[in-house]
Amino acid sequence: MTKERLAQLLEVTGPIAPEGIEAVIGDLTAEGGEMISRETIAFQLDWNHVPQQMQEPLFEALETINGIPELVELAQVLAKDCVRALNRNTAVGYSQPKPACLTGFARDAYAFFYTQLCVLEGKKALRARGIPEKYAYDIPERMTRRQLSKYVETGDINFDDYGWDQNFYCCDIFLLDRFYFILYRWGDTPQAWRNTRSGEVIALWKGGERVRRDGQLDGVNGIRDEEAFVTVWAETRKSVTANPVDPKGVIMAEPVTLDKSEWTKALGEGDYTIALHIPGGRGYTPERVKHSCTLALDFYGKYFPEYDYKGFWSESWLYDPGLGRLLGPERNITRVQRQFYNYPTMEGDDMARREVLHDPNADYRRMTPKTTLEKRLFEAWDRGERFHTTGMFLLREEVPLVGADPYRKEG
């Protein structure tokens, strides 16, 4: 699709294409005269037990959408690119599209039909790479089930977390043993450096950022420190000087200098990693992390060989260093934390509250703790403690060492 044609379509549909999309869709064209067929949608609605009276508004919306050629053409091209876009972006940043050429329920329902088109394109992409169907088994379907269940219960077809769900609809996320995996491009901090003799890894933070005395980024959870220090970065041909990150997940105040004749960058901006995401349930152990990551390296090396994977990335409240102290060393949450190189983020404790309380705005004081974890969290909140969504990396060289605390020198 040409830049000129894209502009013509967007005049009709409104701004539903990601910014900069014109640079990457020149090789794509639309096929056919409808966004998605009534038969395809009817199968999903019947399979998911959507009552007939609730099917009719969806079919009416689909007929309206399929009657706008510009919307159909753009949807087909965007769906093809969305499948591969998830592999080139640093993170999913899509918001639910609501075309200006639609009104009412049809405008809300457009995104649901678009996700179903992405499923078709995603499965085509898997076949083109020779990926066996078992890896896509029930991946997009579980999101379709959830979305239609919400629609049946509430009448609302809008998405709660459209960007995350698109990983499933595009068949770009894979469940390998215990964990989900997606391609991910590393940001600009921290950088990981490895000693060429000992193999030791040190993470370095970028310069110019305020860090509280507790090692967390200044301002996280709305807490600021008047005595926060500012990180430094000074790099020459022979050395790099910066603030190191303790693998427990805090930035240190005292800078270090690394001699480039002894240290080499192991992870930096733009490098490909494999994002690890944690579904609920049993088996959250170092042993399952090791097995799952080993499977992921084999899978991505075989089916996506064009990328040079440096290791794994993730962000979770489960990596918070305060949580590890709260639970003690023997709990699986703490044991898994110790296998990763953890680092702080600007995300506060919304994830912890959402995962534990199921609502970041809920008042835990009106709730009765059901588990030891909940009890200790509630007690910590009573003491005024705050928690953080913490990042981690696990370089591929350390995957065989998972279980032996590969980045910890001591406690």
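Which helix holds Thr 334? Select Thr 334 and the residues around it: its place is in helix α10, residues 332–337. The model on screen is a predicted one.

**Thr 334 and Ser 239**

With Thr 334 still selected, show its surroundings. Leaving aside residues up to four places away in sequence, Thr 334 touches Gly 324, Leu 327, Gly 328 and Pro 329. Its relative accessibility is 7%, so Thr 334 counts as buried.

Next select Ser 239, which lies in strand β8, residues 239–246. With the same sequence neighbours left out, the contacts of Ser 239 are Ala 234, Thr 257, Leu 258 and Lys 260. Ser 239 is also buried, at a relative accessible area of 19%; the cut-off for buried is under 20%.

**The six-stranded sheet**

Now colour the strands of the open sheet. There are 6 of them, in the order β1-β2-β12-β13-β15-β14, and the pairing is mixed. Look at the two edges, β1 (174–176) and β14 (341–344): each has a single partner strand, so one side of each is left without a neighbour in the sheet. From one strand to the next, the twist averages 35 degrees.

Move to the middle of the order and select residues 272–277 and 309–316, which are strands β12 and β13. These two strands pair in the parallel sense over 3 bridges. Show side chains here: Ile 274 stands opposite Phe 312 in β13.

Then add residues 286–303, helix α8. Helix α8 lies across β1, β2 (179–185), β12, β13 and β15 (390–395), and runs at about 50 degrees to β2.

**Cysteines**

Select the cysteines. How many disulfides does the structure hold? The count is 0. Zoom in on Cys 171: the closest cysteine sulfur belongs to Cys 170 and is 7.5 Å from the sulfur of Cys 171, which is too far for a bond. The cut-off for a disulfide is sulfur atoms within 2.5 Å. Cys 171 counts as buried, at 2% relative accessibility. Cys 293 is buried as well, with a relative accessible area of 0%.

**Aromatic rings**

Select Phe, Tyr and Trp. The whole structure has 34 aromatic pairs. Start with Trp 381 and Phe 387: their ring centres are 6.4 Å apart and their planes are at 80 degrees, so this pair is edge-to-face. Both partners are in the buried class, Trp 381 at 7% relative accessibility and Phe 387 at 3%.

Go on to Phe 393 and Tyr 407, an edge-to-face pair with 6.0 Å from centre to centre and 70 degrees between the planes. This pair links distant parts of the chain: Phe 393 is in strand β15, Tyr 407 is in the segment after β15, and 14 residues separate them. Both Phe 393 and Tyr 407 are buried.

For a group of rings, select Tyr 135, Phe 174, Tyr 272, Phe 299, Tyr 300, Tyr 303, Phe 304, Tyr 307 and Tyr 309. Ring pairs link these residues into a cluster.

**Arginines over rings**

Return to Trp 381 and add Arg 353. Arg 353 lies over the face of Trp 381, at 4.4 Å from the ring centre. For the last stop, select Arg 38 and Phe 59. Here Arg 38 lies over the ring face of Phe 59, at 3.9 Å from the ring centre.

Key. Residues are numbered from 1 along each chain as its sequence is written. Side-chain values use heavy atoms; hydrogens and water are left out. Two strands pair if DSSP finds at least two bridges between them. Helices (H or I, at least four residues) and strands (E, at least two) are DSSP runs, numbered from the N terminus. Axes are lines fitted to C-alpha atoms, for helices over the stretch in contact, and angles run from 0 to 180 degrees between N-to-C directions. Contact means heavy atoms within 4.5 Å. Buried means under 20% relative accessible area, exposed over 50%, partly exposed in between (1.4 Å probe, protein chains only). Rings of Phe, Tyr and Trp (its six-membered ring) pair if their centres lie within 6.5 Å; planes under 30 degrees apart count as stacked, over 60 as edge-to-face and the rest as tilted. A charge sits over a ring if NZ of Lys or CZ of Arg is within 6 Å of the ring centre and within 35 degrees of the ring normal.
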